[in-house]
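Please look over the sequence and the model shown here before reading on. The paragraphs after it walk through the structure step by step.

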Amino acid sequence: MMTALVVLAGAIMTVAAVFAVEAKKILDSVIAMSVVSLVSVFLFIAMRAPDVAITEASVGAGLVTAVFLVALFRMKGGDEE
Amino acid sequence: MITAFFVLVAAGVILSFIRILLGPTSSDRVAALDTMNVMLIGTITVIALILKRGIYLDIALVYGLLSYLETVVISRYMEGRK
């Protein structure tokens, strides 16, 4: 059962990474990158590494999204293409 | 019981991910992302119950706080952009 969940998580992670590269708007890329970090938190837990999962949760979900969006907000008109 | 939980969560994650992939606006994608965050927090708590180790609950706590912060930051950005 755990193997099937890990395979599903890997498939979602790959598709989300490709979508983050190919998205038209930058906000959609940030959202897809947040999905990649979410799935990687689950994969770290499935690999029995709770400390790495805590670090990935705090960096991936909190810091990277906040820094990218603050930079995108300072950079006026950077949202088209 | 546990198997039924994981099957239902997998179905919810797949449907939310489809909404992230082909949602017309960014608001749909943010709502689907928040749904996936909540499902991941529940999954982490059930894994802590299965493995009988308390440290996984700390991950659920930290991730709950930070996913809320993430949703608020994205919403503030979409509000200020017009």
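Which helices each supply at least two residues of the lining of the largest cavity? Four helices do so, two from each chain: helix H1 (2-22) and helix H2 (26-46) of chain A, and helix H1 (2-22) and helix H2 (26-51) of chain B. The model is a predicted one, and what follows should be read with that in mind.

The cavity itself comes next. A search of the whole structure for cavities of 30 Å³ or more finds one. The space in this largest cavity comes to about 230 Å³. Its lining is made up of 15 residues. Nearest its centre are Ala9(A) and Phe42(A) from chain A, together with Val9(B), Val13(B) and Leu40(B) from chain B. By residue class, the lining has 14 nonpolar residues, one polar residue and no charged residue.

Chain A can now be taken on its own. It has three helices and zero strands, and read along the sequence it follows the pattern α-α-α. The C-alpha trace of chain A spans about 45 × 25 × 10 Å along its principal axes. Between H2 and H3 of chain A there is a loop that holds Arg48(A). Arg48(A) is not a glycine, yet it has a positive phi of about 60 degrees. Chain B offers a case of its own, in the loop between H2 and helix H3 (55-81), where Lys52(B) lies. Lys52(B) is not a glycine either, and its phi is positive at about 55 degrees.

The next topic is the contact of the two chains. Chain A contributes 32 residues to the contact, and chain B contributes 33 residues. Together the chains bury about 3100 Å² between them, and 83% of that area is on carbon and sulfur atoms. On the chain A side, the residues that lose the most area to chain B are Ile31(A), Leu38(A) and Ile45(A), which together account for 18% of what that side buries.

How many residue pairs in polar contact does the rule find across the interface of chain A and chain B? It finds four, counting pairs with both residues at pLDDT 80 or more. Three helices of chain A, namely H1, H2 and helix H3 (50-74), each supply at least two residues of the side that touches chain B. The largest share of that side comes from H3(A), with twelve residues. Sorted by class, the side of chain A that touches chain B has 24 nonpolar residues, four polar residues and four charged residues.

Salt bridges complete the picture. Over all chains, a search of the whole structure finds two of them. Across the interface of chain A and chain B the rule finds one. Which residue forms a salt bridge with Asp28(A)? The partner is Arg29(B), and the closest N and O atoms of the pair are 3.0 Å apart. This pair crosses between chains, with Asp28(A) in helix H2 of chain A and Arg29(B) in helix H2 of chain B. Those two helices also appear among the elements that each supply at least two residues of the lining of the largest cavity.

Notes:
Residues numbered from 1 in each chain as written. Chains lettered and ligands numbered in written order. Predicted model: local features only at pLDDT ≥ 70, side-chain atom pairs only at ≥ 80, totals over all residues. Heavy atoms only, no water. 1 Å grid on protein atoms, 1.4 Å probe; cavity = no way out; pocket = protein on both sides within 12 Å on 5 of 7 lines; lining within 4 Å. Points joined across faces, edges and corners; volume = space filled by probe spheres on them. Nonpolar A, V, L, I, M, F, W, Y, C, P; charged D, E, K, R; others polar. Contact = heavy atoms within 4.5 Å. Buried area = accessible area lost by both parts, 1.4 Å probe. Salt bridge = Lys/Arg side-chain N within 4 Å of Asp/Glu carboxyl O. Polar contact = N/O pair within 3.5 Å; in protein donor to acceptor, adjacent residues only side chain to side chain.
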